[in-house]
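Q: Could you walk me through how to read a helix, its packing against a neighbour, and the core around it?

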Amino acid sequence: MTTTAHSKLSDYYDTIKLNPVRHDLSTSQRMRLHDRKRRNLLEYCLKLPVSMWDGARVLEFGPASGQNAAVLARWNAKLTLVEPLPYLMEELKRNFKSWDLADR
C-alpha cells in the first residue's frame with residue numbers, strides 16, 4: 001500500500017495558482033450585477049440590510065482576490081482582509097486599486 005502526503009487545500013491552490021471563488025468584475029456592468037447578487041443574498045435571503053454595512057468594521061479571512069469584499073467596500077464598510085496566499089494578495093491589491101477601492 002502506498003501512502004501519499006496530503007497538503008492543505010490552500011497549498012494546492014497555491015501550487016496551481018487557482019482562485020476557486022473568482023467573479024468577473026472587469027466592467028462596471030459586471031460589478032453592478034455582482035453588487036445586485038450580493039445584495040439579494042445578504043438583504044433578501046439573510047435579512048441583513050445593506051445599510052448595516054455603512055461604516056461597519058469587517059474582518060474577512062481568505063477573501064481571495066476580493067470580489068465579494070469589494071461589494072462591502074462599495075457599501076462603505078471598513079475592511080480588514082487576511083489573505084494567506086501571496087499571489088491572491090497581489091491580485092486583491094490590484095483589484096481594489098482598479099476598482100478605486102484601495103483606501104478601504
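Q: What span should the 18 residues of α2 have at 1.5 Å a residue, and how far apart are its end C-alpha atoms?

A: The expected span of a helix is 1.5 Å times one less than its number of residues, and helices (H or I, at least four residues) are DSSP runs numbered from the N terminus, as strands (E, at least two) are. For α2 this gives 26 Å, and because the end C-alpha atoms lie 24 Å apart, the two values agree. Just after α2, Lys 47 takes a positive phi of about 60°. This is a predicted model, in which local features need pLDDT of at least 70 and side-chain atom pairs count only at pLDDT 80 or more, while totals for chains, interfaces and linings use all residues. Residues are numbered from 1 along each chain as its sequence is written, and side-chain values use heavy atoms, with hydrogens and water left out.

Q: Which residues of α2 are buried?

A: Buried means under 20% relative accessible area, exposed over 50%, and partly exposed in between, with a 1.4 Å probe and protein chains only. In α2, Met 31, His 34, Asp 35 and Leu 42 are buried, and what covers the buried residues of α2 includes α3. Arg 38, also placed in α2, counts as partly exposed because its relative accessibility is 22%.

Q: How should the packing of α2 and α3 be described, and at what angle do they pack?

A: Two packed helices are described by the angle between their axes and the distance between the axes. Axes are lines fitted to C-alpha atoms, for helices over the stretch in contact, and angles run from 0 to 180 degrees between N-to-C directions. Here α2 and α3 pack at about 85°, with their axes 10 Å apart; they are therefore roughly perpendicular, a term for angles of 65 to 115 degrees.

Q: What does Arg 38 touch beyond four places in sequence?

A: Contact means heavy atoms within 4.5 Å, and by that criterion Arg 38 touches Glu 43, Asn 68, Val 71 and Trp 75. The C-alpha atoms of Arg 38 and Val 71 are separated by 7.4 Å, although these residues are 33 residues apart along the chain.

Q: How many residues does the largest nonpolar core have?

A: In soluble globular proteins, nonpolar side chains tend to be buried together. A nonpolar core is a set of buried Ala, Val, Leu, Ile, Met, Phe, Trp, Tyr and Cys residues joined through side-chain atoms within 4.5 Å. The largest one has 19 residues, and those with the most contacts inside it include Leu 72 and Phe 96. α3 gives the most to this core, with five residues.

Notes. Parallel < 35°, antiparallel > 145°, perpendicular 65-115°, else oblique.
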